[in-house]
Amino acid sequence: MNRSSTYQLPFASYPAVRLMILLMAGIAAGNFVSINLLQLFILFVVLLLGWVTTEYVVRRWRVVQSVRLSILFYMAILVVAGAIWIKNEQLQREKGFESVQYLNLFAWEELRIEGKVGQKGFTSAGRPVYVIEVSRTEFEVGVDRNDTYQIRLYSDQNKRELSVGSWIVAELKLYQFPERRNPHDFDYGKWLMRQGIFAHGEILKIESYEESSSIFSWGPWRDHVQKNIDAAFSEETSSLAKALLLGYKEEISEDTRKQFSRSGLSHIMAVSGLHVGFIVAPFWFLIPYFWTKRGGKIAGIIVLSILLLGYAGLTGFSASVCRASIMAWLITYGKLFHKVRNSINLTAGAAILLLIWNPSQQFDVGFQLSFSAVFVILLVLPETQRLIPLRYRYGRFGVLSSLIMISVVVQAGLFPILIHYFGEFSIAGPIANAFVIPILTVAVPLGLVLSILPSTAVQTAGFSIVPVEWALRWVEFVAMTIGESDWSYFTVNADSVFLFLLWISLILLIASIRIPELRWKMLIISMACINLMLVELTMKAGNDPLAKITFLDVGQGDAIHIETPMGKHILVDAGRWSPGRNSGSDTIVPYFNSIGVHHIDAMILSHPHADHIGGVNVIIEEMSVGKIYQSNYDYDSRLYQTLMRNVEMLKIPVVNVFAGDRIDVDETMRIYVTGPIKRGTLPSNPNNYSVSIKVEHGESSILLTGDAEHQQEQKMAEVYGEFLKTDLYKLGHHGSKTSSSKQLLDQVRPEITVTSLAYQNRFRHPNREAITNVSAFSGENYFTSLEGAVVIESDGNTLRKKEWK
């Protein structure tokens with residue numbers, strides 16, 4: 001008799017996986033759902049009582065229903081426990097932050113602190129940075145506080161180098177606690193808070209300094225190893241050696257990091273499972289020796305623990321190293337004591353331990369990439385390796401083919417996470433890894449052994465450094481050569497929850513490819529996710545087209561992005577320039593990359609001052625630009641003259657526009673030029689020859705006047721009169737008293753105003769009189785100095801401010 005059977009997933013074989021999924025679901029819910037700790041605790045007690053009731057009361061007469069209810073209550077209890085855990089951690093962090101909120105009252109003032117150096121490093125620009133555990137704070141007003149907190153302090157290269165664990169008394173300038181200023185910005189303030197750091201500033205003077213003599217701190221040991229690397233390696237390779245051996249990337253330039261990322265080699269600087277594998281591999285050869293000795297198993301696990309703890313300490317106990325070390329310890333323990341080993345379960349167990357230690361790690365990109373890579377390898381690699389013919393799989397090229405396959409699997413498996421956080425995806429990873437990993441197999445262990453030797457031994461063993469030095473130069477050469485190629489990566493902007501669900505279902509589909517009953521279920525789920533993505537795209541396409549105006553926060557300058565309903569992109573002004581910095585590379589290009597825009601259809605430059613064209617040269621190098629509109633003011637500055645040479649070399653059309661012209665970019669929007677009025681003699685001040693435009697979208701309108709002052713405003717008011725009536729007006733000249741005159745405002749009569757300026761500026765903008773004049777008409781006044789970027793949306797009838805924080 002034929003009997004049909006349904007495949008049952010062996011959940012009992014993966015208890016840690018079940019627990020991890022439930023715990024992570026609870027942590028996610030606790031982070032995103034508005035519910036307080038007391039409510040969660042009450043819910044936890046109710047669920048616990050429900051579980052007890054089903055286990056010990058209902059089971060007496062309804063066994064089957066009791067078991068099912070008990071499982072549901074058990075799962076709900078674990079989810080709520082995860083939510084309680086993250087909420088409690090956040091509450092403790094918020095209490096710590098609130099306890100030192102008074103520090104914000106002293107932003108940009110000088111303080112005196114006493115404390116211990118907890119961490120040290122360098123910024124991407126090479127500037128020394130320290131984390132100080134403060135125990136005493138003195139203020140200029142004569143007030144002392146003994147609150148304990150952590151502060152991140154920047155220093156100059158010429159100041160004394162501080163060692164971790166040392167005690168210092170220092171004068172510093174306190175900065176305002178950072179917050180996101182633009183939609184694409186890294187949330188530095190949130191990152192500081194997750195590290196338990198509640199203030200940041202700059203060291204002005206070190207009054208006293210006392211080296212630490214404690215042997216129980218990892219700081220001095222890390223300092224010792226880093227100094228050994230500096231002494232042993234050349235200046236060109238020492239920073240890369242620290243990154244590859246210890247995960248110390250602070251000395252790596254931003255450009256180098258970008259090339260490693262685009263070549264698919266950024267993982268070798270993450271110091272994770274690959275490096276821990278190098279450390280543990282020699283130990284595995286000694287396991288048979290420990291088996292044969294009395295007490296050998298205990299001795300072996302002690303040696304292993306010291307080995308892994310030592311390496312984790314040297315690398316600063318990063319999440320990736322902790323994850324890999326815990327996994328390596330559990331697997332090796334099973335090997336030593338002949339226990340059953342399940343890599344998937346062990347990986348989940350490592351995740352649980354790390355989340356219990358710090359639940360906020362779940363939202364760190366390093367944690368997500370690290371665990372996702374391991375699960376992708378464990379689930380997908382065994383099946384994909386079957387695609388390699390047997391003669392190659394176990395033949396001479398087996399190791400190389402497996403290495404390439406691992407790289408392909410990991411890179412493809414991490415696709416949604418990489419594009420979510422970075423907007424870029426490397427397709428050259430397999431090739432780059434094939435050239436690099438075999439060499440690192442020898443170079444990393446050898447370099448690490450040499451770096452932990454006493455300083456005198458390192459100097460005498462200089463010949464041993466040569467092959468490691470060559471290996472590092474080769475790795476850098478491969479990363480830079482491949483990373484600089486346009487074909488090595490592509491940018492994409494796809495941020496949908498259904499993409500992540502599709503990603504998970506496809507991984508499970510490949511993992512279950514040889515289990516027909518499960519394979520078809522995963523295929524159905526994958527197809528459902530694809531359909532949901534298509535429905536989402538259809539719904540977005542069916543919505544009424546919106547125009548979006550983003551006033552980027554570029555400090556004391558202007559940069560306005562207009563996204564038209566038909567998907568065209570207009571940039572009005574390009575921020576500021578100062579020695580060593582410009583808004584193009586700092587803000588504008590990263591902003592466009594984050595939203596997947598690589599072509600600007602029209603760039604409108606109001607006038608040639610450095611706070612309005614500061615980023616143009618970088619923008620036209622990094623992005624394609626259809627056309628540039630400007631006034632015909634030939635300004636005598638190196639920045640402007642360089643711009644004119646660059647646009648001519650790149651063959652970008654430049655059009656001089658004047659009052660009465662119209663700029664056609666999108667048929668759904670009308671852009672009228674309201675200034676400057678063309679004349680033979682140019683004014684001495686370029687501000688009064690600013691390109692001013694009125695943008696109309698349906699019934700809504702916007703007026704942008706650059707830095708036009710009273711002289712130009714008066715002419716516009718006389719010529720255009722009521723035509724200047726608009727819903728949104730950007731205050732001229734950053735809210736200066738020279739602009740936003742009553743004569744202009746009587747015609748404009750805006751309902752919403754935006755002022756682009758820096759919080760601290762030497763011009764003391766905005767001017768009180770200008771703001772008073774505007775407030776007589778406008779009920780909504782926004783300032784980039786206070787808000788950060790200001791985003792306004794138009795549906796053709798009304799304008800509304802869109803929240804992005």
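This is a short tour of selections to make in the structure, one stop after another. The model is predicted, and residue numbers start from 1 along the chain as its sequence is written.

**Stop 1: the strands β1 and β2**

Begin by selecting Arg112 and Glu138. These two side chains form a salt bridge, with the closest N and O atoms 2.7 Å apart. The pair ties together distant parts of the chain: Glu138 belongs to strand β2 (residues 128-139) and Arg112 to strand β1 (residues 110-122), with their positions 26 residues apart in sequence. Colour Arg112 by accessibility and you will find a relative accessible area of 25%, which makes Arg112 partly exposed.

**Stop 2: a cavity beside strand β6**

Next, turn on a cavity display. A search of the whole structure finds 3 cavities of 30 Å³ or more, and the largest has a volume of about 70 Å³. To outline this largest cavity, select its lining: Phe97, Val100, Gln101, Leu103, Asn104, Leu174, Tyr175, Phe177, Phe198, Ala199 and His200. Strand β6 (residues 197-210) gives the largest share of that lining, 3 residues. What classes of residue face the space? The lining of the largest cavity has 8 nonpolar and 3 polar residues, and no charged ones.

**Stop 3: helix α7 and its end**

Now move along to helix α7, residues 254-262. Show the side chains of Thr256, Gln259, Phe260 and Arg262, the buried residues of this helix. Then step just past α7 to Gly264 and check the backbone: phi is positive here, at about 80°.

**Stop 4: the second largest pocket**

Select Leu307, Tyr311, Leu314, Leu448 and Ile452 and centre the view on them. Of the 16 residues that line the second largest pocket, these five lie nearest its centre. The space in this pocket comes to about 410 Å³.

Which helices should you show as cartoons around the pocket? Try α5 (218-232), α8 (273-292), α9 (296-314) and α16, each of which supplies at least two lining residues. The largest share, 5 residues, comes from α9. If you colour the lining of the second largest pocket by class, 14 residues come up nonpolar and 2 polar, with none charged.

**Stop 5: a nonpolar patch on the surface**

Keep α16 in view and switch to a surface display. Select Ile427, Ile431, Phe435, Ile439, Trp474, Phe477, Trp487 and Phe490: they form a nonpolar patch on the surface, with about 770 Å² of accessible area together. Helices α16 (429-451) and α18 (462-483) each supply at least two residues of the patch, and the largest share, 3 residues, is from α16.

For a single residue to zoom in on, pick Ile431, which sits in helix α16. Its relative accessible area is 43%, so Ile431 counts as partly exposed.

**Stop 6: from helix α12 to the loop after α19**

Select Glu383 and Arg514 next. Their side chains meet in a salt bridge at 3.0 Å, N to O. This is another link between distant parts of the chain: Glu383 is in helix α12 (residues 365-384), while Arg514 is in the loop between α19 and α20 (516-542), 131 residues away in sequence. Is each partner buried or exposed? Glu383 has a relative accessible area of 12% and is buried, whereas Arg514, at 52%, is exposed.

While you are here, look at helix α19 (residues 497-511) and find Leu506 in it. Leu506 is partly exposed, with a relative accessible area of 37%. Draw a C-alpha to C-alpha distance from Leu506 to Cys529: the two are 9.9 Å apart in space and 23 residues apart in sequence.

**Stop 7: Lys802 and Glu793**

For the last selection, jump to Lys802 and Glu793. They form a salt bridge whose closest N and O atoms are 3.6 Å apart. Lys802 is partly exposed, at 32% relative accessible area, and Glu793 counts as buried, at 9%.

To finish, go back to the first stop and widen the selection there. Salt bridges that share partners join Arg112, Glu114, Arg136, Glu138, Asp144 and Glu207 into one network. If you would like to go on exploring charged pairs, the count comes to 24 salt bridges.

Key:
Heavy atoms only, no water. Patch = residues over 30% accessible without salt bridge, like charges linked within 9 Å, V, L, I, M, F, W, Y side chains within 5 Å. Areas by Shrake-Rupley, 256 points an atom, 1.4 Å probe, with all protein chains shown as cover. Salt bridge = Lys/Arg side-chain N within 4 Å of Asp/Glu carboxyl O. Helix = DSSP H or I, 4+ residues; strand = E, 2+ residues; numbered from the N terminus. Buried < 20%, exposed > 50% of the residue type's maximum accessible area, 1.4 Å probe, protein only. 1 Å grid on protein atoms, 1.4 Å probe; cavity = no way out; pocket = protein on both sides within 12 Å on 5 of 7 lines; lining within 4 Å. Points joined across faces, edges and corners; volume = space filled by probe spheres on them. Nonpolar A, V, L, I, M, F, W, Y, C, P; charged D, E, K, R; others polar.
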